[in-house]
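Subject: The structure you asked to look at

Hello,

Here is the structure, ready for you to open next to its sequence. My notes on what turned up follow below.

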Amino acid sequence: MAKISLGQAKRARKLWQKARKKFLRSFGSAVDEKGHVKSEDMLHEKIKEVFEMYDTDKNGTIELDEFRNAMIVTCKCIFLSKDDVRAMFQVADIDGDGKLEFGEFQKIVMSQILEAEQASQGLTGLCALL
Ligand SMILES: [Ca+2]
Ligand SMILES: [Ca+2]
């Protein structure tokens, strides 16, 4: 397991929040900014597509460098430092092996969709308590 302190996790959550709109936009019409999923099948295809796009050396996992490059492209206009990107990567890398497997990538996408949905319903405050 990756060792992430509560402070780091909170910071990463804020960073993801900042990047969320642009990140979700890379899934095209499969999901909108408010977290409405048009079609689960389409979303699954899109997640695969984006994962393969991020995995530039095609070894089946997204390494930190690949993630950083992808974030620079995806989240342009949002300032993210090296540490910021690392923090975002660490919360996504659930087993802490320094690589994002497809399942981990899928999870972070899903959690961003859920957060977008909750934010659009004004439940952000409530979620922060959970
Ligand atoms: Ca890779
Ligand atoms: Ca991993």
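A word on naming before anything else: helices are DSSP runs of at least four residues and strands are DSSP runs of at least two, both numbered from the N terminus. With that in hand, valine 37 can be placed in the loop between H1 and H2. Please keep in mind that this is a predicted model.

**The overall picture**

The chain has six helices and two strands, and along the sequence they follow the pattern α-α-β-α-α-β-α-α. The C-alpha trace spans about 40 × 35 × 30 Å along its principal axes. A compact globule of 130 residues would have a radius of gyration near 14 Å, and the chain agrees with that, at 14 Å. Of the 130 residues, 22% count as buried. Among contacts between residues at least 6 apart in sequence, 61% join residues at least 24 apart.

**The core**

In soluble globular proteins, nonpolar side chains tend to be buried together. Here the largest nonpolar core has 25 residues, and Leu24, Val31, Phe67 and Met88 are those with the most contacts inside it. H1, H2, H3, H4 and H5 each supply at least two residues of this core. Its largest share, six residues, comes from H4.

**Helix by helix**

H1 covers residues 6–25. Its 20 residues should span 28 Å at 1.5 Å a residue, and its end C-alpha atoms are indeed 28 Å apart. H1 also has a kink of about 55°, centred on alanine 19. Its buried residues are Leu15, Phe23 and Leu24, and they pack against H3, H4 and H5.

In H3 (residues 64–74), the buried residues are Phe67, Ala70 and Met71. Why do they lie on the same side of H3? Because they cover an arc of only 100° around the axis. The face of H3 turned away from that buried side carries the exposed residues Asp65, Ile72 and Val73. What covers the buried residues of H3 includes the helices H1, H2 (40–54) and H4 (82–92), along with the strands S1 (62–63) and S2 (99–100).

H5 runs over residues 102–120. At 1.5 Å a residue, its 19 residues should span 27 Å, and the distance between its end C-alpha atoms agrees, at 27 Å. Phe105, Val109, Gln112, Ile113 and Ala116 are the buried residues of H5. They too cover an arc of only 100° around the axis, which puts them on the same side of H5. They pack against H1, H2, S1 and S2. Turned away from the buried side is a face with the exposed residues Gly103 and Leu114. Just after H5, glycine 122 takes a positive phi of about 75°.

**The loop between H1 and H2**

Alanine 30 lies in this loop. Is alanine 30 buried or exposed? It has 22 other C-beta atoms within 10 Å, so it is buried, the cut-off being 20 or more. Alanine 30 and methionine 42 are 12 residues apart in sequence, with their C-alpha atoms 5.7 Å apart in space. Leaving aside neighbours within four places in sequence, the contacts of alanine 30 are Val37, Lys38, Ser39, Met42, Leu43 and Lys46.

Valine 31, with the same neighbours left out, is in contact with Leu24, His36, Val37, Lys38, Leu43 and Ile113.

Valine 37 counts as partly exposed, because it has 14 C-beta neighbours inside 10 Å. Not counting residues up to four places away in sequence, valine 37 touches Ala30, Val31, Leu43 and Ile113. Valine 37 and threonine 61 are 24 residues apart in sequence and 25 Å apart in space, C-alpha to C-alpha.

**One more loop residue**

Lysine 58 lies in the loop between H2 and S1. Although it is not a glycine, lysine 58 has a positive phi of about 55°. With 7 other C-beta atoms within 10 Å, lysine 58 is exposed.

Happy browsing, and best wishes!

Conventions: Residues are numbered from 1 along each chain as its sequence is written. Chains are lettered from A and ligands numbered from 1 in the order in which they are written. This is a predicted model: local features need pLDDT of at least 70, side-chain atom pairs count only at pLDDT 80 or more; totals for chains, interfaces and linings use all residues. A residue is buried if 20 or more other C-beta atoms lie within 10 Å of its own, exposed if 12 or fewer, and partly exposed in between; C-beta atoms are placed from the backbone. The arc is that of the directions from the helix axis to the C-beta atoms. Two residues are in contact if their C-beta atoms, placed from the backbone, lie within 7 Å. The expected span of a helix is 1.5 Å times one less than its number of residues. The bend at a residue is the angle between axes fitted to the seven residues ending there and the seven starting there. A nonpolar core is a set of buried Ala, Val, Leu, Ile, Met, Phe, Trp, Tyr and Cys residues joined through C-beta atoms within 7 Å. The radius of gyration is taken over C-alpha atoms; the globule rule is 2.2 Å times the number of residues to the power 0.38.
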